[in-house]
Amino acid sequence: MSESRTVRVGINGYGVIGKRVADAVAAQPDMSLAGVSDVVTDWRAHIVGQKGFRLFGATGEHVAAMRDAGLDVAGTLDDLLGQVDVVVDCTPKHVAARNVETYRRRGIKFILQGGEKHAATGHSFVAECNYATALGRDATRVVSCNTTSVVRTLTALKQAGLLRRARGTLLRRATDPWESHESGIMNTLVPEPEIPSHQGPDAQTVDPELDVVTMAVKVPETLAHLHYWSVQMPRQASKDEVLDAFRTSSRIALISIGEGLVALNSVKELMADRGRPHGNLYEVALWADMLRVQGDELFYAYMVDNQAIVIPETIDAIRALIGELREGAESIAMTNAALGVGGSLIGAGVGEPVRR
Ligand SMILES: NC(=O)c1ccc[n+]([C@@H]2O[C@H](COP(=O)([O-])OP(=O)(O)OC[C@H]3O[C@@H](n4cnc5c(N)ncnc54)[C@H](O)[C@@H]3O)[C@@H](O)[C@H]2O)c1
């Protein structure tokens, strides 16, 4: 790729993650969106052209069905693959793994999402932790929403020398809002059948040194996930020292109950008021005033917008695979600038703990 050319990105699967990745790619100064591919013919496909993106069908049959539905279709996935440097596969869990052979045969760099296994790419990605090890690779997997939050927060503590081991309980949203009519639990809580839940081991695919155990329970809401963590530090530390460690990450936003951000819905409403597309919260939103240090033990809670947190990571993963921008920090800064990430969520001072 020459310096003057932008990275051409294709997206396979224009659902919850794919549509957000498409917007984010289109917002980057060094990337262009070649098109998106899908199988549907309803409103979800009609919106693609209205956004100015090119629509492709997964197969010739899908193209025909799309044209029958009055859609303007640029070709098949195969055609799209001929026009890209990187493809981001955002098809549902297990569908993406079946596309890997095609991408490899075509010699196209590819990114999978967290529904797929680590083995499908041999590399799992969180920008602040391991951008460097993805440089120039053929493929990587952006880990799931929960795992991304675990690696972001524990990396910040680890880099500050404040992490011995971490134990987390995850309250997981039941389903995504757009498909709430199809599934989702009501009036119950459903524990994951195994301890540890898969997110802890998944975090170790990014950083094998992490001593982390997770437990998870599905809860009857669709807004976001909520995590509670108990961390053993290697020594006693002050609350300010811990907050400073989290402040080293531009993708951890310290929030405060004292500022009215009392629940998941308040934070989502704030993101919508700020004009973020889909009300996206790209950051881990961590309650600074609730955080507590007791000797060498640390306790805190944070919110994860499952639909949004992996979007900046996916953008950085594209740059890492292309391999021209060698410093992760530079890619992170570029992505953050394009998406409006960084600083406090509501304005000066909000990240400060409220002292009562
Ligand atoms: N939804 C989340 O909160 C979330 C968070 C992080 C990671 N992920 C991961 O991201 C990936 C995508 O999940 P999602 O929630 O966006 O799924 P989704 O169901 O919302 O979107 C998938 C899209 O792919 C399309 N599709 C289905 N089969 C296809 C095919 N053969 N070819 C092309 N397109 C096809 C569907 O029509 C749909 O538009 C999964 O690996 C998932 O685990 C999801």
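Which residue of strand 11 does Thr169 stand opposite? In this predicted model, Thr169 faces Met215 across the pairing with strand 11. A word on ground rules: local features need pLDDT of at least 70, side-chain atom pairs count only at pLDDT 80 or more, and totals for chains, interfaces and linings use all residues. Residues are numbered from 1 along each chain as its sequence is written, and side-chain values use heavy atoms, with hydrogens and water left out.

The strands around Thr169 make a handy starting point. Strands here are DSSP runs of E with at least two residues, helices are runs of H or I with at least four, and both are numbered from the N terminus. Two strands pair if DSSP finds at least two bridges between them. Strand 9 and strand 11 (residues 212-219) run parallel and are joined by eight bridges. On strand 12 (residues 225-232), strand 9 (residues 165-173) has an antiparallel partner, with seven bridges between them. One of the matched residues there is Ala166, whose bridge partner in strand 12 is Val231.

Elsewhere, eight strands line up as an open sheet with parallel pairing, in the order 4-3-2-1-5-6-8-7. Strand 4 (73-76) and strand 7 (124-125) sit at the edges with a single partner strand each, so one side of each has no neighbour in the sheet. Further in, strand 5 (residues 86-89) and strand 6 (residues 109-112) are parallel and share three bridges. Val88 is matched there with Ile111 of strand 6. As a general point, side chains in a regular strand alternate between the two faces of the sheet.

Now for the ligand. It has 21 residues around it, and Val16, Ile17, Asp38, Asp176 and Asn306 come nearest; "around" means having a heavy atom within 4 Å of the molecule. By class, this shell holds 11 nonpolar, seven polar and three charged residues. In that scheme Ala, Val, Leu, Ile, Met, Phe, Trp, Tyr, Cys and Pro are nonpolar, Asp, Glu, Lys and Arg are charged, and the others, Gly among them, are polar.

Polar contacts are pairs of N or O atoms within 3.5 Å; within protein, one must be able to donate a hydrogen and the other to accept it, and residues adjacent in sequence count only if both atoms are side-chain atoms. A polar side-chain atom of Asn306 is 2.8 Å from a ligand oxygen. Backbone atoms join in too, with an N or O of Ile17 at 2.9 Å from a ligand oxygen and a polar backbone atom of Tyr14 at 3.5 Å from one. Of the 830 Å² that the ligand exposes when taken alone, the protein buries 84% (Shrake-Rupley areas, 1.4 Å probe; for residues, only the protein chains shown count as cover).

Four aromatic pairs turn up across the whole structure. Rings of Phe, Tyr and Trp (its six-membered ring) pair if their centres lie within 6.5 Å; planes under 30 degrees apart are stacked, over 60 edge-to-face, and the rest tilted. Phe246 and Tyr300 have ring centres 5.2 Å apart and planes at 75 degrees, so they are edge-to-face. Phe246 belongs to helix 9 (residues 239-247) and Tyr300 to strand 16 (residues 297-304), 54 residues apart, so to speak distant parts of the chain. Tyr300 and Tyr302, with centres 6.2 Å apart and planes at 20 degrees, are stacked. Phe246, Tyr300 and Tyr302 thus form one aromatic cluster.
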